[in-house]
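Hi everyone, thanks for having me. Please take a moment to look at the picture before I start talking.

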Amino acid sequence: MDAASALADLTEISSQVEAAAVLSADGTIVASTLDDAARNERLVRAAGELLAAGDGIAGERKLTQLEAALRGGSVFVVRDGERAIVATTTPAPTSGLVFYDLQTCLRSVVEKPAPKPR
């Protein structure tokens with residue numbers, strides 16, 4: 001499934017997720033539920049900073065998931081291999097369920113295979 005379709009499925013099944021974006025290994029947006037470039041940039045920057053901070057605490061291990069709880073909602077970041085997904089939620093989300101939904105979404109994203117040589 002492409003990233004945009006996976007995000008559409010995510011927002012349909014997870015009522016707690018308000019916005020989400022799938023990121024490539026270099027942190028660029030593959031797909032997003034937001035259509036505002038400035039909000040996308042803030043979301044990506046927050047994900048990168050949260051992952052970097054978490055990696056700093058984890059030492060040699062790489063952080064795979066993180067929740068930052070804020071007064072108005074939470075920011076979740078899930079990393080699976082080279083890709084990541086970042087999402088904002090409503091206040092007091094069911095964290096385990098949000099992590100599960102984000103992991104499922106990220107794993108459902110299939111990269112397009114390279115064309116076969118002729």
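I'll go from the whole chain, to one pocket, to one residue.

Keep in mind as we go that this is a predicted model.

Let's begin with the overall layout. How many helices and strands are in the protein chain? There are 3 helices and 5 strands. If you trace the elements from the N terminus on, they run α-β-β-α-β-β-β-α. The radius of gyration is 14 Å, close to the 13 Å that the globule rule gives for 118 residues, so the chain is as compact as a globular protein of that length. Taken along the principal axes, the box filled by the C-alpha atoms is roughly 55 × 35 × 30 Å.

Now, what about the inside and the outside? Of the 118 residues in the protein chain, 39% are buried. The accessible surface comes to about 7,200 Å², and carbon and sulfur atoms account for 53% of that surface.

We can also ask how the chain meets itself. Take the contacts between residues at least 6 apart in sequence: 47% of these join residues at least 24 apart.

On to the pocket. The largest pocket has a volume of about 170 Å³. Which residues are closest to its centre? They are Ser24, Ala25, Gly27, Leu51 and Ala84, out of 15 residues that line the largest pocket. Two elements, α2 (37-58) and β5 (83-89), each supply at least two residues of that lining. The element that gives the most is α2, with 4 residues. Sorted by character, the lining of the largest pocket has 6 nonpolar residues, 4 polar ones and 5 charged ones.

Finally, let me show you a single residue, Gly73. You'll find Gly73 in strand β4, which covers residues 73-80. Is Gly73 buried or exposed? Buried means under 20% relative accessible area, and Gly73 has 5% relative accessibility, so Gly73 counts as buried.

Which residues does Gly73 touch, if we leave out those up to four places away in sequence? The answer is Ala68, Thr89, Thr90 and Pro91. You can also find Ser95 in the picture: Gly73 and Ser95 are 22 residues apart in sequence, and their C-alpha atoms are 11 Å apart in space.

So, to recap with two things to look for: the largest pocket, where α2 gives the most residues to the lining, and Gly73, sitting buried in strand β4. Thanks for listening!

Notes
Residues numbered from 1 in each chain as written. Predicted model: local features only at pLDDT ≥ 70, side-chain atom pairs only at ≥ 80, totals over all residues. Heavy atoms only, no water. 1 Å grid on protein atoms, 1.4 Å probe; cavity = no way out; pocket = protein on both sides within 12 Å on 5 of 7 lines; lining within 4 Å. Points joined across faces, edges and corners; volume = space filled by probe spheres on them. Nonpolar A, V, L, I, M, F, W, Y, C, P; charged D, E, K, R; others polar. Rg over C-alpha atoms; globule rule 2.2 N^0.38 Å. Buried < 20%, exposed > 50% of the residue type's maximum accessible area, 1.4 Å probe, protein only. Contact = heavy atoms within 4.5 Å. Areas by Shrake-Rupley, 256 points an atom, 1.4 Å probe, with all protein chains shown as cover.
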